[in-house]
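Work through these exercises on the pockets of a predicted model. Each task is followed by its solution.

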Amino acid sequence: MKITVIGCGRWGTFIAWYLNKIGHDVTLYGKENSTHFKQLVSERKNSYLTLSDSMKLSSTLEKVLEADIIVISINSQGLRALMQELSPYNLKDKTFILCMKGIEIETGKRLSVVVRENMDKSNKIAVWIGPGHVEEFVKGVPNCMVIDSLDHHVKELLIKNFSSELIRFYYGKDLLGNEIGAASKNVIGIAAGVLDGLGLSSLKGALMSRGTREIARLIKAMGGNELSAYGLCHLGDYEATVFSKYSHNRKFGESLVKGISYDDLAEGYYTAKALKKLSVEYDVELPICNAVYKVLYENKEVKEVINELFERSLKSEF
């Protein structure tokens, strides 16, 4: 399959590396002035992996859009701007795969909706989500992930052609739930880092249980299947997000509590604000996500916010 990957950061470069490794014709696109792209052009590698000789690199957007399959892996809040950049090309009959987890802050819209609003209806949209870290994949550590789309044929085509001994894919059956679950797990990851920073890691069991439950309620209120929260998009991604030393969101939360600067992208920071908006819009209580929001955007003291969670009215677990 002829594939273009847009985004040459850690995850985008891995996706291109992986698809090339299993036999596809892959071009990785990056902006010419991008630090990541410059390194890949000059060294054919980054901090995590080395590109094969067959991997193509391009900073010419018009050329890379010739592929039938376009994978996007960028900062979620930059997706609409990218779609607007692609709009003049009047793309048709393409398959867009979103390898990113987030919710648009300003609108509270899922990323697939952002793409759909800016592309011709003939284009198909899929999401590629689930657990796994580049640092482990490149060492040969396998994992399971999900591909979902409103178009069943697209799911079948992608899963058949993208599966390997390194990644086992499952068919998603709830695009809304999978997108919300995948995005929100990053907020739980920040909360986990906060607990680590405070020396309260033993609370992670409760965090996982109650965090999954509140996201399940939100998914149901939005019209999705609440069971999606207990699948690979959310609960199944907790080990990689809540415990792993490679988790950007967990490290961000821990650094925040310890007063240490953290410069890597932590999507949960933006998602916390988007979830606050959805909580109000759908009248769903999200105590943990709201607690993270208070710390990040209202400058509330972490210990004060944790105390508020424990002082909430007593209730049944389910």
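**Exercise 1.** State how much space lies in the second largest pocket, and which residues are closest to its centre.

*Solution.* The second largest pocket holds about 790 Å³ of space. A pocket is an open set of points on a 1 Å grid over the protein atoms alone, where a 1.4 Å probe fits, with protein on both sides within 12 Å along at least five of seven lines; lining residues have an atom within 4 Å of a point. The volume is the space filled by probe spheres set on the points, which are joined across faces, edges and corners. Its lining has 29 residues; closest to the centre are Arg210, Pro287, Ile288, Leu309 and Phe310.

Residues are numbered from 1 along each chain as its sequence is written. The model is predicted, and totals for linings use all residues.

**Exercise 2.** Find the helix that gives the largest share of this lining.

*Solution.* List the candidates: H8, H9 (204-222), H13 (287-297) and H14 (302-310) each supply at least two residues of the lining of the second largest pocket. Helices are DSSP runs (H or I, at least four residues), numbered from the N terminus. H13 gives the largest share, six residues.

**Exercise 3.** Place the largest pocket relative to the domains.

*Solution.* Start with its volume, about 1200 Å³. Next, the lining: 44 residues, with Arg10, Trp11, Ser73, Ile74 and Leu265 nearest the centre. H1 gives the largest share, three residues. Domain 1 (2-171) and domain 2 (181-311) both contribute lining residues, so the largest pocket lies between them. The domain bounds come from an automatic or database domain assignment.

How values were computed
Predicted model: local features only at pLDDT ≥ 70, side-chain atom pairs only at ≥ 80, totals over all residues. Heavy atoms only, no water.
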